[in-house]
Amino acid sequence: MSVLTRDEAQLRAQLLDVHRYKVELDLTTGDETFDSRTVIRFTARSAGDTFVELKPAELRAVTLDGEPLDPESLDDGRLPLKNLSAGEHELHVDAAMRYSRTGEGMHRFTDPSDGETYVYTQMFMDDVQRVLAAFDQPDLKAVFEVSVRAPEGWTVLANGITEQRADGVWHAAPTPLISTYLVAVAAGPWHSVRTEHRGLPFGIHCRRSLAPHLEADAEEILDVTRACFDRYHEKFEEPYPFDSYDQAFVPEFNAGAMENPGLVTFRDEFVYRSAVTDAERETRAMVIAHEMAHMWFGDLVTLKWWDDIWLNESFAEYMGYQTTAEATRFTGPWTEFGVTRKAWGYDADQRPTTHPVAPEKVDDTASALLNFDGISYAKGASALRQLAAWLGEKDFLAGINTHFARHRFGNATLADFIDSLASATERDVPAWADSWLRTTGVDKLTPVVASADGTCALTVDRAGSRPHRLTAGLYDHDVADEGRLVLRERLELDVPQPDPQPIGKRPALLVLNDGDLTYAKIRFDTESFETVRTGLSGLPDPLTRAVVWNALRDAVRDGELAPAAYLETARAHLPRETDLALVQGVLAFASGQIADQYLRPEDRPAALATLTALCRDLLRRTEDGDHPGLRLLAVRHLIGVAAHPDTIAAWLADGTVPGGPELDPELRWRVLGRLAVLGATDEAAIAAELERDPSATGQEGAARCRAALPDPEAKRTAWEAMFAGDDLSNYLFTATAQGFWQPEQADLVREYVPRFYADAVALSARRGPAIAQAAGRWAFPAHAVDTENLRLGEACLQGADPTPALRRTLADRLDDLARALRVRGEETREAQAARAE
């Protein structure tokens, strides 16, 4: 399929003014296709040629101003509109459209628990063309009037309030001016919880089989929704711009959520069917806050072209975390941001595929889709947090409100945003934007402590070019308790500094970026690093500990700290950690990257033993029942690093961990998956567990377990399901891929490593971007940390012509592979040759 270029979009925007879409969808025509009839009213400002986008199963009829057009003229998703005269026009399109199983366009899902079917749209970027005919670019906003014929017993949700009329058809209230990618429909026999807030209808919706779980959490979800809604009305002068607020938790959703105005769609894993930690509930609250922020930034004011996607995502990311912290019971979201999301940004920004937060030019939609990464989200949010610290919250919000007032229901660019911010301050916002938004890479800040006459002065050595406003935390040992560190002072610093900063006597620990207000890698002076090694868990603030853990993580990735030293630090300090996000983040890095990739295979058993001992320490600490979330994390990770099956097999047989928790479906599948890896279960046990839990999540668990069995036939079957057929949904593909590669089974799957590249290229060309990204992320042989795998991947990028989505994902995974080789001390041939020269 062709992609829309920036130049094409600009020319079409100059030619057209699109007024209104009338869309009629019929979801009663069968399991494979649905009917889509669209009327578009638009004005041509001058005579000329243009096109409308559409990707139908069958294009039945097209008329322009009452005159038929040839359906055969549709070419590669574009229907040409030639010889338009200046003035008003009306385009009618009648088509049959295919349902999707990949989470793109109109996704169709049948729940294995009860046989009920649900459909929902995901129109993002250019997938509206899979549902209806459209002039598909963000700056051609229009009013959308949508009606849907649905099977009996279904409820239809849309961007506006819906009602079912006498003819059985559901009609949605016309929208305000919105972009094509924000149109949304969700239909099925939803279980709904409805309320009203500030005179607006609010609703939350899920599959019927998840109804008990939604009901259990409905009050928490609605409390968070109401609190965020009220807080945004305190921050923003512009009121909520739509007629209702529905949140639909939908199956097999590719993203975390999507900000469709008035109808936000979430992945329905956020309706928890098994036990979760409070940190996971905090994440759900943050996602709710993030998507609601989009109602203003993204939906009310929309980017003009995709090079400004950061204006949507960075803003919502920043506001989501900030508003969760301010308005809900969850007070520690910035700690989770620091240890999880920010690490995502740091990693992305150190790869060859990095890009500025605000790139100068994004040529087409395929290129734009690749920029939905840790830079557009986490780095951009970090930049905005730094900007708010630099401007002050009052001036920052004043600039934001100016931006809303100037561009409501319209489109805006980076230049517009910077101009709005500059109107509220005397500071040089354009210069700040140039240094923060137009550059790539991560600055590195290292403290230099000079001592004279018993007093010390601090200078910050900066490797990089950005200005930073940050705080430096000075910590001393607690006189009464040597295991604790007490904050002496936090110094506000601007980097670069005009002069060294006096700090009095040398502190036991000096932490740059204490409070995590800037975006930079930090390092420690020698004395401070020794204190980190012995006293990290004695730091009083979890956000400070997040900064320190991130610094250690960066040092491992940069080859400055041995992976084993990180594990030793985790073993010493994590058993005393109280913050769940920190425990989860450290254990995930220690197991997923250090044990699985950064250590040589012969060193992996010792690492798993260390992690097992650490998790057992956490279990002993939580025996009193006072820390159920921490205990749950320890159980999950102990299962994941188990080197021998006996203990976890006994848990599965008993249905419980001694002292709790009982094994709910999520834990049962987790245990069975690890037993499969270890060769301690079989198909009969997997089938029995699936009979016990026939849900969609159970189907994914079974696929993961079957692919993980250390059996040649099981591997062949899994590979063919992923790459030879096109029947797997996006979620079942991912589950199968997650089970397939296991470090313990390297010899068994060795033959599949070279097969991956050719098969992934062919699959991506057939099935599109969502499956391409899933293949690159989950089906990539990341366990094979060797130069031959790297060579195969680089040859694929150079000669096989993968699709853009697969190319970007592979480039990132190969860079991670090269980094793992460097951490191991294993140079690539290219590096050896360069060193020899």
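## Strands, rings and a bent helix

Let us start with a hairpin-like pair of numbers: strand β22 (residues 444–452) and strand β23 (residues 455–463) run antiparallel and are joined by 9 bridges. Strands here, like helices, are DSSP runs numbered from the N terminus (E over at least two residues for a strand, H or I over at least four for a helix), and two strands pair if DSSP finds at least two bridges between them. Within this pairing, lysine 444 stands opposite alanine 463 of β23.

Before going on, a word on what you are looking at. This is a predicted model, in which local features need pLDDT of at least 70 and side-chain atom pairs count only at pLDDT 80 or more, while totals for chains, interfaces and linings use all residues. Residues are numbered from 1 along each chain as its sequence is written, and side-chain values use heavy atoms, with hydrogens and water left out.

Strands β22 and β23 belong to an open sheet of 4 strands in the order β26-β23-β22-β28, with mixed pairing. At its edges are β26 (501–504) and β28 (521–522), each pairing on one side only.

Another open sheet has 3 strands, ordered β25-β24-β27 and paired antiparallel. Because β25 (485–495) and β27 (509–512) are the edge strands with a single partner strand each, one side of each is left without a neighbour in the sheet. Neighbouring strands in this sheet are turned by 20 degrees against each other on average, direction ignored; the axes are lines fitted to C-alpha atoms, for helices over the stretch in contact, and angles run from 0 to 180 degrees between N-to-C directions. Between β24 (residues 468–477) and β25 there are 10 bridges, and histidine 477 stands opposite leucine 485 in β25.

Earlier in the chain, β7 (residues 87–98) pairs in the antiparallel sense with β2 (residues 33–44) over 12 bridges. One bridge sets phenylalanine 42 against histidine 89 in β7. Strand β4 (residues 58–64) also runs antiparallel to β7, through 6 bridges, and glutamate 58 has alanine 96 of β7 as its bridge partner.

Now to the side chains. The structure holds 49 aromatic pairs, where rings of Phe, Tyr and Trp (its six-membered ring) pair if their centres lie within 6.5 Å, and planes under 30 degrees apart count as stacked, over 60 as edge-to-face and the rest as tilted. Tyrosine 321 and phenylalanine 337 are edge-to-face, because their ring centres are 4.9 Å apart and their planes stand at 65 degrees. Tyrosine 321 lies in helix α4 (residues 309–327) and phenylalanine 337 in helix α5 (residues 333–349), so this pair ties together parts that are 16 residues apart in sequence. Tyrosine 321 is buried at 1% relative accessibility, and phenylalanine 337 is buried at 1% too; buried means under 20% relative accessible area, exposed over 50%, and partly exposed in between (1.4 Å probe, protein chains only).

Two arginines also meet rings. A charge sits over a ring if NZ of Lys or CZ of Arg is within 6 Å of the ring centre and within 35 degrees of the ring normal. The charged end of arginine 12 sits over phenylalanine 51, 4.6 Å from the ring centre, and that of arginine 108 sits over tyrosine 99, 4.9 Å from the ring centre.

We finish at helix α14 (residues 580–598), which bends by about 25 degrees at alanine 590; the bend is the angle between axes fitted to the seven residues ending there and the seven starting there. Since 15 of its 19 residues are buried, α14 is largely enclosed by the rest of the structure.
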